[in-house]
Amino acid sequence: MSLVKQIFFVSSGAVFSKGTNFITLLVVAKLLNSNLLGIYSYFLLIINFLSPFIVFGFAQFINYSITEKSSQKKITNTVTSFIIWSILISSLLYVILFFIQFILNINILNYINNSFSDYKYLINYTILISSFLSINLVLKNVLISLNKSKLILHASFIEGTSFFVLLISAAIFRKIDLMIFAYGFTQLLVTIFVIYKLKKYILIDYKTLSFNQIKQIPLKSYKLASGDVLWSFLNLLFMSLIATVSIDSLGNFHIANQVAMAILFIPTAIQPVLA
């Protein structure tokens with residue numbers, strides 16, 4: 001597939017995905033008060049904060065393997081290693097948070113703002129959503145590197161349509177937990193679609209993949225992840241400071257941030273194609 005076609009499919013997917021997300025946010029902001037919008041925004045922030053720890057530089061590492069025209073076996077091993085890595089890290093994060101929240105009975109979010117007191121259990125669910133989101137990010141990059149950019153448009157259509165329908169339906173009832181579940185289900189649908197399309201690059205017989213192979217890739221990719229992890233941590237810290245002052249302000253800041261992302265979506269969308 002030519003570079004022009006790749007840019008067209010990737011940018012068309014971005015237009016649809018970002019456009020539906022932005023319209024959905026405006027509708028949700030109308031349906032919710034500023035306090036609920038701030039709570040919802042903070043949970044999205046946690047999901048995005050956890051993602052770099054799961055992605056951990058795998059996207060760039062897999063892209064390098066493909067661009068260097070590595071064998072399909074090596075690419076398959078790398079993709080499968082990432083799937084296993086994401087499951088292991090997500091499970092570890094879940095166990096740690098479960099121990100803190102339910103065994104030690106410490107509600108971490110209460111230290112940020114008392115508005116989170118009724119949503120103690122949701123922080124554990126964000127780990128699962130972040131895992132789906134991370135898999136989507138990495139495997140979408142794989143699709144681009146394999147010249148299958150047309151599938152990005154299909155994935156964006158699934159994501160944008162389901163996000164619009166499910167999130168607005170949940171927002172009508174003004175239930176934050178339903179909204180987070182709706183967001184998670186949207187990511188799950190995209191994960192199933194992308195994994196299905198890349199099934200030949202995901203090992204069925206895991207006996208051919210050694211533990212050493214799985215262990216070596218994160219050791220090589222951690223340098224690629226360090227920048228994303230640092231930025232994610234600083235972003236969480238900054239937004240948490242806003243939340244401690246006023247959870248309502250966090251919702252307004254989230255809307256402003258989405259406006260900025262909507263303006264800059266074209267260069268960010270075609271960057272993986274040009275990289």
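## A partly exposed leucine in H5

Leu128 is partly exposed, with a relative accessible area of 41%. The model behind this value is predicted. Leu128 sits in helix H5. Its C-alpha atom is 9.2 Å from the C-alpha of Ile87. Along the chain, Leu128 and Ile87 are 41 residues apart. The label for Leu128 follows from the cut-offs: buried means under 20%, exposed means over 50%, and 41% falls in between, so Leu128 is partly exposed.

H5 itself covers residues 122-145. It has 24 residues. The helix reaches 35 Å from its first C-alpha to its last, close to the 34 Å expected at 1.5 Å a residue. H5 is mostly covered, with 20 of its 24 residues buried. Just after the helix comes Asn147, with a positive phi of about 60°.

## The chain as a whole

What does the protein chain contain in the way of helices and strands? There are ten helices and zero strands. Read along the sequence, the pattern is α-α-α-α-α-α-α-α-α-α.

The protein chain has 275 residues, and 49% of them are buried. Its accessible surface comes to about 13,900 Å². Carbon and sulfur atoms hold 69% of that surface. Contacts also reach far along the sequence. Among contacts with a separation of 6 or more, 83% join residues 24 or more positions apart.

## Helix H6 and its buried residues

H6 runs over residues 150-172. It has 23 residues and reaches 34 Å from its first C-alpha to its last. That is close to the 33 Å expected at 1.5 Å a residue. Its buried residues include Leu151, Ile152, Ala155, Ser156 and Glu159. Phe163, Leu167 and Ile168 are also among them.

Ser156 lies in H6. Is Ser156 buried or exposed? At 5% relative accessibility, Ser156 counts as buried, because the value is under the 20% cut-off. Leaving aside neighbours within four places in sequence, Ser156 is in contact with Gly13, Ala14, Phe16 and Ser17.

## Thr24 against H6

Thr24 belongs to helix H1, residues 3-31. Its relative accessible area is 0%, so Thr24 is buried. Which residues does Thr24 contact, leaving aside its neighbours within four places in sequence? They are Phe163, Phe164, Leu167 and Ile168. Of these contacts, Phe163, Leu167 and Ile168 are listed among the buried residues of H6.

## The turn after H6

Arg174 comes just after H6. It lies in the loop between H6 and helix H7, which spans residues 176-197. Its phi is near 55°, a positive value in a residue other than glycine. Most residues other than glycine have a negative phi. At 41% relative accessibility, Arg174 counts as partly exposed.

## The second largest pocket

The second largest pocket holds about 300 Å³ of space. Its lining has 13 residues. The closest to its centre are Phe49, Leu97, Ile108, Ile123 and Leu236. Three elements each give two or more residues to the lining: helix H2 (34-55), helix H4 (72-103) and helix H8 (211-245).

Which element gives the largest share of the lining? H2 does, with four residues. The character of the lining is nonpolar for twelve residues and polar for one. There are no charged residues in the lining.

## Ser240 in H8

H8 also carries Ser240. Ser240 counts as buried because its relative accessibility is 9%, under the 20% cut-off. Leaving aside neighbours within four places in sequence, Ser240 is in contact with Tyr42 and Ile112.

Ser240 and Leu109 are 131 residues apart in sequence. In space, their C-alpha atoms are 9.7 Å apart.

Terms used: Residues numbered from 1 in each chain as written. Predicted model: local features only at pLDDT ≥ 70, side-chain atom pairs only at ≥ 80, totals over all residues. Heavy atoms only, no water. 1 Å grid on protein atoms, 1.4 Å probe; cavity = no way out; pocket = protein on both sides within 12 Å on 5 of 7 lines; lining within 4 Å. Points joined across faces, edges and corners; volume = space filled by probe spheres on them. Nonpolar A, V, L, I, M, F, W, Y, C, P; charged D, E, K, R; others polar. Buried < 20%, exposed > 50% of the residue type's maximum accessible area, 1.4 Å probe, protein only. Contact = heavy atoms within 4.5 Å. Expected span 1.5 Å × (residues − 1). Areas by Shrake-Rupley, 256 points an atom, 1.4 Å probe, with all protein chains shown as cover.
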